[in-house]
Amino acid sequence: MRRGVAAINAQGGGILLYLSQEGRGIGLANKLRAYGLQDEGLDTIDADQTIGFSKDERDFRVAHEMLEQLGVSRILLLTNNPSKVEALQRAGINVTARQAIYGEVTQQNQRYLKTKASRHGHWLHELLNEQGEPSSPTPESLPAPEAAARG
């Protein structure tokens, strides 16, 4: 959150949306249940699926509604999650660019981050010192939703 606010400030301003969708939409109690399964060796996705959820239960339509109420139709999105870009574009928000935002890799979260990269497709290769993602301090331009749907 702090890095997001700092990145927004570096851009000269912006909007921070907070969606109360803990644990990729499974809720806080289920997130705690999933943590217990992760302590037993399951990764974050397998733990969620073991208790009956998909790998991501979030609904980003509420973000679209919030942006629509603010009169925003085009955004530069701070995210490492391709699903957020796709969901917002499907909802009618023109995500013109995406900028990576990283936290710290620690011994405690490295396995979790690697799972997010390998099984969720999150853009974390640079953070995890893996190949496959260009290093760039500038936002990545994205095609308009109509172009993305055609291509």
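Thr79 is about as tucked away as a polar residue gets to be called: with 3% relative accessibility in this predicted model, Thr79 counts as buried, because the cut-off for that label is under 20%. The residue sits in the loop between E1 and H6. Leaving aside neighbours within four places in sequence, Thr79 is in contact with Lys84, Val85, Arg98, Gln99, Ala100, Ile101 and Trp123.A second buried polar residue, Gln99, is found in strand E2 (residues 94-99). Gln99 has a relative accessibility of 14%, so this residue counts as buried too. The side chain of Gln99 is joined to that of Gln11 by a polar contact of 2.9 Å. Gln99 also turns up on the contact list of Leu77, along with Lys84, Val85, Leu88, Val95, Ala97 and Arg98, once residues up to four places away in sequence are set aside.

Leu77 leads on to the nonpolar packing. The largest nonpolar core has 12 residues, and Leu77 is one of them. The others are Leu19, Phe60, Ala63, Leu67, Val72, Ile75, Val85, Ala87, Leu88, Ile93 and Val95. At least two residues of this core come from each of helix H5 (61-69), strand E1 (74-78) and helix H6 (82-90). H6 gives the largest share, with 3 residues. A second core, separate from that one, has 6 residues, among them Tyr102, Leu113, Ala117 and Leu127. As a general point, nonpolar side chains tend to be buried together in soluble globular proteins.

Helix H3 offers a quick geometry check. H3 covers residues 28-39, and at 1.5 Å a residue its 12 residues should span 16 Å; the C-alpha atoms at its ends are 17 Å apart, which agrees. Within H3, the buried residues are Asn30, Ala34, Leu37 and Gln38. Seen down the helix axis, the buried residues of H3 fall within an arc of 100°, so they line one face of the helix. Leu28, Ala29, Leu32 and Asp39 are exposed on the other side of H3. As for what sits over the buried residues of H3, the cover includes helix H4 (44-50) and helix H7 (110-119). After H3 comes Gly41, which has a positive phi, near 120°.

Notes
Residues are numbered from 1 along each chain as its sequence is written. This is a predicted model: local features need pLDDT of at least 70, side-chain atom pairs count only at pLDDT 80 or more; totals for chains, interfaces and linings use all residues. Side-chain values use heavy atoms; hydrogens and water are left out. A nonpolar core is a set of buried Ala, Val, Leu, Ile, Met, Phe, Trp, Tyr and Cys residues joined through side-chain atoms within 4.5 Å. Buried means under 20% relative accessible area, exposed over 50%, partly exposed in between (1.4 Å probe, protein chains only). Helices (H or I, at least four residues) and strands (E, at least two) are DSSP runs, numbered from the N terminus. Contact means heavy atoms within 4.5 Å. The expected span of a helix is 1.5 Å times one less than its number of residues. The arc is that of the directions from the helix axis to the C-beta atoms. A polar contact is a pair of N or O atoms within 3.5 Å; within protein, one must be able to donate a hydrogen and the other to accept it, and residues adjacent in sequence count only if both atoms are side-chain atoms.
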